[in-house]
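Biologist: I've got a model open and I'd like to learn how to read it feature by feature. Could you walk me through it?

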Amino acid sequence: MSSAALSETLARTAPLYERVAKVIPPVEWPVFARDIDAILELKRARNAVILAHNYQTPEIFHCVADIVGDSLALAREAMKVDADVIVLAGVHFMAETAKLLNPAKTVLIPDMQAGCSLASSIAAADLRLLRQRYPGVPVVTYVNTSAAVKAESDICCTSGNARKVIESLGVPEVIMLPDEYLAQNVAAETGVKIISWAGHCEVHERFTAAEIRGLRAAHPGVVVLAHPECPPEVVAEADFAGSTAAMAGYVDTKRPARVVLVTECSMSDNVAAAHPEVEFVRPCNLCPHMKRITLPKIRRALETMRHAVEVDPAVAAKARRAIERMLTV
Ligand code: SF4
């Protein structure tokens with residue numbers, strides 16, 4: 001790119017830089033600006049929208065995304081998309097969920113390898129065996145699963161609505177898959193007996209109670225917000241536990257002077273960009289799957305229209321039922 005062209009690009013993207021100036025140094029911006037400028041043009045040409053998860057990096061989250069949120073918000077919004085193309089800046093199960101809920105659209109994921117340790121911890125055959133072992137017990141499946149697993153389930157849930165979903169069933173016992181810690185945390189809140197699976201989020205399972213106590217000692221007065229995919233002993237040390245949307249909402253409304261978000265790294269960057277008045281303490285656990293999504297890959301996805309996510313229609317009908325049932329709760 002010539003220096004004149006770069007100057008024009010920087011001028012066009014200057015208002016976007018304002019949104020992320022607190023978390024992206026000026027020296028790094030020209031590299032991002034070129035891809036951002038191209039992506040904005042490609043979105044117009046392809047009639048595309050970008051849905052970005054809260055764990056995406058700030059240059060994606062604040063500069064090219066049309067809709068941002070946790071997996072529940074992205075599922076709800078995917079249903080309403082009118083554009084021809086949805087680019088999912090997140091992991092594969094999120095793109096699959098968007099395709100299930102809005103099958104007429106082309107849903108692209110910029111990297112097919114963007115998986116999830118929870119989704120890969122369980123297969124549909126495992127779930128069929130559990131049903132044989134616990135006949136009649138309803139199955140609640142976390143959205144962090146493949147469409148094939150969702151298709152074997154009675155209802156889905158997210159970390160944002162797990163408690164409501166479990167309580168909506170009105171039964172004393174449920175099978176809840178695949179996140180063992182989310183299941184234990186929800187069981188403690190609801191009193192419902194939960195049969196769980198030994199799946200874990202590779203980001204949240206690494207936090208420990210001792211680490212939280214260390215953070216409190218090192219940063220007096222810090223408010224600790226933890227994701228419910230963390231082990232129960234970590235949640236027990238926190239001031240508040242909730243989904244990424246609930247954590248962002250907490251900071252928006254309560255404006256703590258000093259806070260730590262016990263979750264994936266980029267979440268703090270994204271919330272911090274909008275809250276210069278709040279001091280963020282940042283223990284950093286990265287999700288390697290979320291970090292596979294980058295601006296150059298989003299740009300390439302829109303240029304080449306790859307990788308389109310497809311779901312077997314027979315599986316899709318059953319999986320959609322489990323998600324739609326969740327959305328009515
Ligand atoms: S943060 Fe955890 S739950 Fe989310 S995509 Fe990464 S591995 Fe999966």
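Biologist: Let's start with the backbone. Where is the place of histidine 307?

Modeller: Keep in mind that this is a predicted model. Histidine 307 is in the loop between helix 14 (295–304) and helix 15 (313–327).

Biologist: And what is the peptide bond from arginine 306 to histidine 307, cis or trans?

Modeller: The general idea to hold on to is that most peptide bonds are trans, and most residues other than glycine have a negative phi. The bond from arginine 306 to histidine 307 is cis, with omega near 5 degrees. There's also a cis bond from leucine 177 to proline 178, with omega near -15 degrees. Proline 178 lies in the loop between strand 7 (173–177) and helix 9.

Biologist: What about phi? Is the value for arginine 255 positive or negative?

Modeller: Phi of arginine 255 is near 45 degrees, so to speak on the positive side, in a residue other than glycine. You'll find arginine 255 in the loop between helix 12 and strand 11 (258–262).Biologist: On to the sheet. In what order do the 4 strands of the open sheet come, and is the pairing parallel or antiparallel?

Modeller: In general, strands of a sheet pair through backbone hydrogen bonds, either parallel or antiparallel. Here the 4 strands run in the order 2-1-3-4, with parallel pairing.

Biologist: Why is one side of strand 2 and of strand 4 left without a neighbour in the sheet?

Modeller: Strand 2 (67–69) and strand 4 (106–108) stand at the edges with a single partner strand each, so one side of each has no neighbour in the sheet. From one strand to the next, the twist averages 20 degrees.

Biologist: How many bridges join strand 1 to strand 2?

Modeller: Strand 1 (residues 48–53) and strand 2 run parallel and are joined by 3 bridges. To see the pairing on screen, look for leucine 51, which stands opposite isoleucine 67 in strand 2.

Biologist: Now for empty space. How many cavities of 30 Å³ or more does the structure hold?

Modeller: The general trick is that rolling a probe the size of a water molecule over the atoms shows where empty space is left. In this structure there are 2 cavities of 30 Å³ or more. The largest cavity has about 260 Å³ of space. It is lined by 24 residues, and Tyr55, Cys116, Asn144, Glu229 and Met290 are the closest to its centre. By class, that lining of the largest cavity has 11 nonpolar, 10 polar and 3 charged residues.

Biologist: Where does the ligand sit?

Modeller: The ligand sits in the largest cavity. It's surrounded by 13 residues, the closest being Cys116, Asn144, Cys201, Glu229 and Cys287. Sorted by class, the shell around the ligand has 8 nonpolar, 3 polar and 2 charged residues.

Biologist: Which residues line the second largest cavity?

Modeller: The lining of the second largest cavity is made up of Leu51, Ser71, Leu74, Ala75, Ala78, Leu88, Phe93, Met94, Thr97, Ala98 and Val143. Helix 4 (71–80) and helix 5 (92–101) are the elements that give two or more residues to it. The space in the second largest cavity is about 70 Å³, and its lining has 9 nonpolar, 2 polar and no charged residues. You've met one of these residues already: Leu51 is the leucine that stands opposite isoleucine 67.

Biologist: And the pockets? What volume does the largest pocket have?

Modeller: The largest pocket has a volume of about 310 Å³. Of the 19 residues that line it, Ser159, Arg163, Glu189, Pro228 and Ala241 lie nearest its centre. Two or more lining residues come from each of helix 8 (162–169), helix 9 (180–190) and helix 11 (232–237).

Biologist: Which helix gives the most to the lining of the largest pocket?

Modeller: Helix 9 does, with 6 residues. The lining of the largest pocket divides into 9 nonpolar, 7 polar and 3 charged residues.

Biologist: Last one. Which elements give two or more residues to the lining of the second largest pocket?

Modeller: Helix 12 (244–254) and helix 13 (265–274) do, and the largest share, 4 residues, comes from helix 13. The volume of the second largest pocket is about 150 Å³. Its lining includes Asn54, Phe61, His62 and Asp252, and by class there are 6 nonpolar, 4 polar and 1 charged residues.

How values were computed:
Residues numbered from 1 in each chain as written. Predicted model: local features only at pLDDT ≥ 70, side-chain atom pairs only at ≥ 80, totals over all residues. Heavy atoms only, no water. Near = heavy atom within 4 Å. 1 Å grid on protein atoms, 1.4 Å probe; cavity = no way out; pocket = protein on both sides within 12 Å on 5 of 7 lines; lining within 4 Å. Sits in = over half its atoms within 2 Å of the grid points. Nonpolar A, V, L, I, M, F, W, Y, C, P; charged D, E, K, R; others polar. Points joined across faces, edges and corners; volume = space filled by probe spheres on them. Pairing = 2+ DSSP bridges. Axes fitted to C-alpha atoms, helices over the stretch in contact; angles between N-to-C directions.
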